[in-house]
Amino acid sequence: MKKTIQIPLGSQHISLLEPIRFKFECENEKIIGVDADVGFVHRGVELACTRSFEFKQVGYVVARVCGLCAITHSLSYTLAVEKLLGYVANDRIKYLRMLMVELDRIHSHMLCLAHTAENAGFEALFMQIMADRELVMDLQEAISGNRVQFDFIAIGGVNRDLTPELSALIHKNLELLSDKIDTLLGLFDNNWSLSLKYKGVGVLTLDQAYTYNALGPLARAAGLATDVRVETSDFPYEALGYTMVLESTGDIHARNFVRLREILNSIAMCRNIVDNLPSGEIQEKTKGKPSGEAVVRVEAPRGELFYLVRGNGQNMLERVRIKTPTFSAIPAMMEVFKGSEYADAPAILASFDPCMSCTAK
Amino acid sequence: MRKIETTLPTLLADIGAFYEARKWHFLSVNGIDLGEGKIELQWIFSRYGIKDEIVIYYALSDYTTPVPSVVSLIPSAFMGEREIVDMFGLTVEGALRGLYLDEDSLPHPLRGES
């Protein structure tokens, strides 16, 4: 039996944005075993949602689970409560919610791509992508009032409407961004540093994707055709130009490409939403208190976000179950690490786009 | 959403007969405190490529009965099993406490009497 050594990665590490600790068991440079510790930022959100806040306040609590995908948390919770109240939003509200979710996907994917570039030692590209990302951050701020933690969605509607000036700004910024993403596609595909670093590295096979229940861009990069946007009927994604982006190689390069192409698809959908925004109120009255059990799935930037809400007709809910994409992706991540070189671990980890704030909640 | 009742002794047989990795996406293990020392345990699945098809297997139990692990059928389930060990103070075969909680944390925060 060969001698093995244990090497930790995290909880604080130069390549990590958020705290997670992997304990790698290595044979020379090769990882042969891995253990993950994910609970560094546990805040007891599920407990707070049923003990400290009434159901009308919980939407604002769950938006604080994560700074990157706050909008998908508040949307998932709101949809679950609306189901329990028997309320169905009008088309204008649905479109405005979709707009914010897709803008959120664009900025989150860009953050991951920037971080991926940084891990290849491409500091200039990291800064360029982060600068370009400001086009979307500006839109989010203009629409919702905040760059992050935007409490845009509320039970029965949304809190702000689009004005003609905002619509024009969305078109202008997304057109600029679209050109920049086209440039990035060429760069990520052909640049010597990025190709050498990422092609064939950190491979998740299709079989592994099924076995370990991979989700989101991680699954689609391995060829697993799954996306909550077409597996639920809460929003008319197909009518607004949704196309599923699939790759087959399952490596870091494929994950980068899925995100880049999804950004282009999200830009196209956002333009369609603005051009075809239905008329209607942005806030409607809902009656009653949540009673029964509802489940909701929303495609967050990292994959499926799942909420289960149970109420008993009172102001306080009985259960708010939050299952986040990174939490579900950890088993698949651990498999990808096995057999990889330790030196590639930071880049592989960044390509998963892990969100520990969501995971530990 | 379709809910199917199961029991802890028959859980592995029921989920083993139902679950196909290429057909069903395993979503989560969940627990819901029912009060008076009772809990509803849930194993939740969604269907790939089909709209709105969710299946929940559920079993009613108390907090002292050990819960069988489904990891032999669904390798990714270990995360959810560790979570319910932490949050509800359950015993799940092979699942260690400490995914989220520290030594000095509340022992089982999502139990009704906590």
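**Entry 1: a hairpin in chain B**

I began with one residue pair: the bridge partner of Asp33(B) in E3(B) is Ile39(B). I keep in mind that this is a predicted model. Going outwards from that pair, I found ten bridges between E2(B) and E3(B), which pair in the antiparallel sense. The two strands make a hairpin with two residues between them. In that turn I looked up Glu36(B), and its phi is positive, about 55°.

Next I followed E3(B) to its other partner. E3(B) and E4(B) are also antiparallel, joined over nine bridges. Here Lys38(B) stands opposite Asp62(B) in E4(B). This second hairpin has six residues between its strands, and Gly49(B) takes a positive phi near 75° there.

Is E3(B) mostly covered or mostly open? I found it mostly covered, since seven of the ten residues in this strand (38-47) are buried.

**Entry 2: one serine in a loop**

I then picked Ser69(B), which sits in the loop between strand E4 (54-62) and H2 of chain B. How many C-beta neighbours does Ser69(B) have inside 10 Å? I read off 18, so this serine counts as partly exposed; a buried residue would need 20 or more.

Which residues does Ser69(B) touch, apart from those within four places in sequence? My list is Glu81(B), Val92(B), Glu93(B), Gly94(B) and Ala95(B). I checked Glu81(B) further: this residue is twelve residues along the chain from Ser69(B), and their C-alpha atoms are 7.4 Å apart.

**Entry 3: where the chains meet**

I turned to the contact between the chains, which takes 28 residues from chain A and 24 residues from chain B. On the chain B side, strand E2 (24-35) and helix H2 (78-88) each supply at least two residues. Which element of chain B gives the most? E2(B) does, with six residues. I also sorted the chain B side by class and got 15 nonpolar, six polar and three charged residues. So E2(B), the strand I met in the hairpin with E3(B), turns up again at the contact with chain A.

**Entry 4: chain A as a whole**

I stepped back to look at chain A, which has 14 helices and eight strands. Its C-alpha trace spans about 65 × 45 × 30 Å along the principal axes. For 361 residues, a compact globule would have a radius of gyration near 21 Å, and the 20 Å of chain A agrees with that. I noted that 52% of the residues of chain A count as buried. Of the contacts in chain A with a separation of 6 or more, 70% join residues 24 or more positions apart.

**Entry 5: a helix of chain A**

I picked out helix H4 (91-119) of chain A, with 29 residues. From first C-alpha to last, H4(A) reaches 42 Å, close to the 42 Å expected at 1.5 Å a residue. Because 25 of its 29 residues are buried, H4(A) is largely enclosed by the rest of the structure. Just after H4(A) comes Gly121(A), with a positive phi of about 85°.

**Entry 6: two sheets and a helix**

One open sheet of chain A has three strands in the order E1-E2-E3, with antiparallel pairing. Its edge strands are E1 (5-9) and E3 (30-37), each pairing on one side only. The twist averages 25° from one strand to the next. I counted off five bridges between E1(A) and E2(A), with Ile7(A) opposite Phe24(A). E2(A) and E3(A) share seven bridges, and Arg21(A) has Asp37(A) as its bridge partner. Their hairpin has two residues between the strands, and Asn28(A) there takes a positive phi near 55°.

Another open sheet of chain A runs E6-E7-E8, and its pairing is antiparallel too. Why do E6(A) and E8(A) each have a free side in the sheet? They stand at the edges with a single partner strand each, so one side of each is left without a neighbour in the sheet. Neighbouring strands here are turned by 10° against each other on average, direction ignored. Five bridges join E7(A) to E8(A), and Leu308(A) stands opposite Arg321(A).

Which helix lies across E6, E7 and E8 of chain A? It is H12 (325-337), running at about 130° to E7(A). I found H12(A) lying across E2 and E3 of chain A as well, at about 160° to E3(A).

Terms used:
Residues numbered from 1 in each chain as written. Chains lettered and ligands numbered in written order. Predicted model: local features only at pLDDT ≥ 70, side-chain atom pairs only at ≥ 80, totals over all residues. Contact = placed C-beta atoms within 7 Å. Helix = DSSP H or I, 4+ residues; strand = E, 2+ residues; numbered from the N terminus. Nonpolar A, V, L, I, M, F, W, Y, C, P; charged D, E, K, R; others polar. Pairing = 2+ DSSP bridges. Axes fitted to C-alpha atoms, helices over the stretch in contact; angles between N-to-C directions. Rg over C-alpha atoms; globule rule 2.2 N^0.38 Å. Buried ≥ 20, exposed ≤ 12 C-beta atoms within 10 Å, placed from the backbone. Expected span 1.5 Å × (residues − 1).
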